[in-house]
Amino acid sequence: MTYQETLDYLFNALPMFQRVGASAFKKDLSNTISLCNHLGNPEKKFKSVHVAGTNGKGSSSHSIASVLQAAGFKTGLYTSPHLKSFTERIRINGLEIPEDAVVEFVEENKSFLEELKPSFFEMTVGLAFWYFAKEEVDIAVVEVGMGGRLDSTNVLMPEVSLITNIGMDHVQFLGDTLAAIAGEKAGIIKRNIPVVISKTQEETTPVFVQVSEELDAPITFADQKWKVEKVKENEGKALYNVISSDVKQELEFDLLGNYQKFNLPGILETVVQLKAKSWDISSEAIKTGLSNVTKSTGLKGRWQVLSRSPLTICDTGHNEAGIQEILSQLESYPFDKLWMVLGMVQDKDISKILQLLPKTASYVFCQANLPRAMKADELLEKAKSIGLEGVSVTDVNEALNFARKKAGSNDLIFVGGSTFVVAEIEEL
């Protein structure tokens, strides 16, 4: 098969959560275990860092990978979902998996895949682990897809586990309290393997402490050890003051979202835990890695400036906590008028998010081109019912162009509400 035929086969033959939602979610690891056994257990052939959480796990994964690359290690990176290209999900030293490797994997394993009928995500995890093992990476940073306990990536035995902050997301699968969700994320904690918690939260701390004690896993709450403060932004970099018991320094971080203040302690502490396991990571590698995350790993869509006049920013934050942080940062910018180009998915309770949105902004509601997307007209009606003013323009790029034509040069345009809206921005 050609690469395009291979992709079509995967997208059509295997249920894909980002397109269809719940029907693609499997509540056990049996398929992943069977696939890994068939592939010769590649998950046991490379070292790893395993990253779970509600918000921040993608940014944290890319940042840790960037530091490891700067330290000279051949570094795998597995993240999801992709924004533009399927191959974004699987990288080594920032380079996406070659298309011919995807074709090779499917050709070699097609009959087994048809017999097993894994989900799209389960297959992709198998592909990533096969590729990392084949290419003999020194270490791979692997982001959990959803939850942790039952996630396909949870067949790893990592060097360190990292859990970023916990928020209300995917409640139909993970539970409707922060403690319940934390219980699912805590599923990546392994016996005797250190676990780092990025952010101390009242509801989740007892859950993480209990699980780590049961498994004799040393636990560190990173924000209690590392104090970080964003000082300013300068030429596309955020400058942070970083203080711990034995370190006081300034670090440049090229991820500009203010919410990165919740991620940075966990990133730094994960590096400390790796160093304690004899990974040779210098202070210079940490500085270089953090100041070049987007360049070295290809990360997109995190507080990304698309254009300057009017200032146009996109971000993939899509749940209540993520939107709150986005709105807080938008308020710190000077502008005449705020335009928000937003789309959302239909299998989430969006009422709380809509309640957060400023009534003084002008809204252009759109929808991503996938079955889970909420219809733009439906989103507009829900917004109008709570006093938000706007229009619906179905296509994401047409919606953005509409806002640009209406906006003045001193206005601010924000594009987001869903990862899948950001993914369709042509100039990303």
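Here's a quick tour of one small sheet and some aromatic contacts in this predicted model.

Start with the sheet. Its 3 strands line up as β9-β10-β11, paired antiparallel in an open arrangement. β9 (227-234) and β11 (248-253) are the edge strands, each with a single partner, so one side of each has no neighbour in the sheet. On average, neighbouring strands here are turned by 25° against each other, direction ignored. Strand β10 (residues 237-243) is joined to the antiparallel β11 by 6 bridges, and Tyr240 sits opposite Leu251 in β11. Lying across β9, β10 and β11 is helix α11 (residues 260-276), which runs at about 55° to β10.

Now for the rings. The model has 13 aromatic pairs. One of them is Trp303 with Phe414, a tilted pair at 6.2 Å centre to centre with 35° between the planes. That pair ties together distant parts of the chain, 111 residues apart: Trp303 is in the loop between α13 (293-297) and β12 (304-308), while Phe414 belongs to strand β17 (residues 412-416). Both Trp303 and Phe414 are buried. Tyr363 and Phe365 have ring centres 5.6 Å apart and planes at 5°, so this pair counts as stacked. Tyr363 and Phe365 are both buried too. Elsewhere, Phe46, Phe129, Tyr131 and Phe132 make up one aromatic cluster.

Lysines come into the ring story as well, with these charged ends sitting over aromatic rings:

| Charged residue | Ring | Distance to ring centre |
|---|---|---|
| Lys110 | Tyr9 | 5.2 Å |
| Lys199 | Phe262 | 4.2 Å |

Note on methods
Residues are numbered from 1 along each chain as its sequence is written. This is a predicted model: local features need pLDDT of at least 70, side-chain atom pairs count only at pLDDT 80 or more; totals for chains, interfaces and linings use all residues. Side-chain values use heavy atoms; hydrogens and water are left out. Two strands pair if DSSP finds at least two bridges between them. Helices (H or I, at least four residues) and strands (E, at least two) are DSSP runs, numbered from the N terminus. Axes are lines fitted to C-alpha atoms, for helices over the stretch in contact, and angles run from 0 to 180 degrees between N-to-C directions. Contact means heavy atoms within 4.5 Å. Rings of Phe, Tyr and Trp (its six-membered ring) pair if their centres lie within 6.5 Å; planes under 30 degrees apart count as stacked, over 60 as edge-to-face and the rest as tilted. Buried means under 20% relative accessible area, exposed over 50%, partly exposed in between (1.4 Å probe, protein chains only). A charge sits over a ring if NZ of Lys or CZ of Arg is within 6 Å of the ring centre and within 35 degrees of the ring normal.
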